[in-house]
Amino acid sequence: MRHVDGGPSLFIDAEPAPASVAREVAEGLASQPPSLPPKLFYDERGSILFDEICRLDEYYPTRTETAIMQDFVEEMADAIGSGAVVIEYGSGSSLKTEALLSALHEPEAYLPIDISREHLLRSAARIAHRHPELKVLPVCADYTSAIPGLAEFAASRRSVVYFPGSTIGNFEPSEAQDFLGRIARLVGPGGGLLIGVDLRKDPCVLESAYNDAKGVTAAFNLNMLRHINDRLGPTFELDAFQHRAVWNDSDSRIEMHLVASRPTQVRVNGHALAFETGERIVTEHSYKFTRAGFAELAGRAGWTVQRVWTDPQELFSVQYLSAGS
């Protein structure tokens, strides 16, 4: 365990090993269609690029969710209640968390969980400096998998998971249900989930958000390949792929791809996979929900929606859910 800039040391260090990354990359590329897991967006450079995306004019989710938080954070704090342990999945820069932590009533601890170690430790140090009365316990891990020690820590406390952004939309529907079910079991009966849920809207707004004029989202998408090369050694020819994002109305999702701009080979685990011009790798699906559709999904996973806060245009929602018995 170590400190960054005088901040807190890692509470749990479960950063995925290179061997597990290689296995996931190989399995994803062998699937049909070929795919890569979105968590591989988030090395240090990917986290910085995502922060830049969040400041773009076209990217409505962050500023809309931030405005919702500013308008209703006291109500959210009341819904969470006093003395809670707040566990944030995919904490990143923890920028939206600042307002929530300031409004909460005597929270017991804050556990930010992120896969990008350096980004996590810098954010945890900032939070600890601004909230000296709060126990800040950073966890470096892939939150989509079991995290050693987390369930035992949460079991004896009243825990609430904070899952901002629209990341729940990056799971396929069956995966989202399983994931929400795991959170329900983690926090137990009486626990809570404060979650950002992106809503269906004009497809032009959606496609602009994922194809910004400055090309930041394209750089973010392509950085996944650079990250994999850094972790596994030469795997992808970086100049052989281009970013593409399109709206799929029938499935209610944005589809983000890396498209081969010329014939290329991808080498992983000692094997070479050929991609012809125009062949695609899926890097992200971002599902958009109706309020009723998300409530149904959450209900199947053991949750009851207690409160929903939205902006006036209903572009985005923040929802508080309670776990059943």
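## A loop residue as a starting point

Glu-276 is found in the loop between β11 and β12. This residue counts as partly exposed, at 45% relative accessibility. Its C-alpha atom is separated by 9.4 Å from that of Val-259, which is 17 residues away along the chain. The model described here is a predicted one.

## The hairpin of β10 and β11

Strand β10 covers residues 264–268, and strand β11 covers residues 271–275. The two run antiparallel and are joined by 5 bridges. One position in this pairing is Val-266, which stands opposite Leu-273 in β11. Together β10 and β11 form a hairpin with 2 residues between them. In the turn, Asn-269 has a positive phi of about 55°.

In a regular strand, side chains alternate between the two faces of the sheet. Strand β10 shows such an alternation: Thr-264, Val-266 and Val-268 point to one face and are buried. Gln-265 and Arg-267 point to the other face and are not buried.

## The sheet of β8, β9 and β12

How are the strands of the open sheet ordered? The order is β8-β9-β12, a sheet of 3 strands with antiparallel pairing. At the edges stand β8 (241–248) and β12 (280–287), each with a single partner strand, so one side of each has no neighbour in the sheet. From one strand to the next, the twist averages 20°.

Strand β9 spans residues 253–260, and its antiparallel pairing with β8 runs over 8 bridges. Asn-248 has Arg-253 in β9 as its bridge partner. The loop between β8 and β9 holds Ser-252. Phi of Ser-252 is near 55°, a positive value in a residue other than glycine. Ser-252 counts as buried because its relative accessibility is 11%, and the cut-off for buried is under 20%.

## Aromatic pairs

The model contains 18 aromatic pairs. One of them joins Phe-11 and Phe-153 in an edge-to-face arrangement, 5.3 Å centre to centre with 70° between the planes. This pair links distant parts of the chain, 142 residues apart: Phe-11 lies in the segment before β1 (12–14), and Phe-153 in helix α6 (residues 150–155). Is Phe-11 buried or exposed? Phe-11 is partly exposed, with a relative accessible area of 32%, whereas Phe-153 counts as buried at 12% relative accessibility.

Another pair is made by Tyr-143 and Phe-163, with ring centres 5.6 Å apart and planes at 75°, so it is edge-to-face. Tyr-143 lies in the loop between β5 (139–141) and α6, while Phe-163 belongs to strand β6 (residues 159–163), 20 residues apart. Both Tyr-143 and Phe-163 are buried. Elsewhere, ring pairs link Phe-41, Tyr-42, Phe-50, Tyr-59, Tyr-210 and Phe-220 into a cluster. Phe-153 also has a charged residue over its face: Arg-157 lies at 4.0 Å from the ring centre.

## Helix α7

Helix α7 has 15 residues, 173–187. From its first C-alpha to its last it reaches 21 Å, close to the 21 Å expected at 1.5 Å a residue. Which residues of α7 are buried? They are Ala-176, Phe-179, Leu-180, Gly-181, Ile-183, Ala-184, Leu-186 and Val-187. In an α-helix there are 3.6 residues a turn, so residues three or four places apart point the same way. After α7 comes Gly-188, whose phi is positive, near 75°.

## Backbone features in two other loops

The peptide bond from Gln-32 to Pro-33 is cis, with omega near -5°. Pro-33 is placed in the loop between α1 (18–30) and α2 (44–53).

Glu-106 has a positive phi of about 45°, although it is not a glycine. This residue is found in the loop between α4 (95–103) and β3 (109–114). Glu-106 is exposed, with a relative accessible area of 70%.

## Cysteines

How many disulfides does the structure hold? The structure holds 0 disulfides. For Cys-140, the nearest cysteine sulfur is that of Cys-54, 20 Å away. A disulfide needs two cysteine sulfur atoms within 2.5 Å, and Cys-140 is in no disulfide. Cys-140 counts as buried, at 0% relative accessibility, whereas Cys-204 is exposed, with a relative accessible area of 55%.

Conventions
Residues numbered from 1 in each chain as written. Predicted model: local features only at pLDDT ≥ 70, side-chain atom pairs only at ≥ 80, totals over all residues. Heavy atoms only, no water. Buried < 20%, exposed > 50% of the residue type's maximum accessible area, 1.4 Å probe, protein only. Pairing = 2+ DSSP bridges. Helix = DSSP H or I, 4+ residues; strand = E, 2+ residues; numbered from the N terminus. Axes fitted to C-alpha atoms, helices over the stretch in contact; angles between N-to-C directions. Phe/Tyr/Trp six-rings, centres within 6.5 Å; stacked < 30°, edge-to-face > 60°. Lys NZ or Arg CZ within 6 Å of the ring centre and 35° of its normal. Expected span 1.5 Å × (residues − 1).
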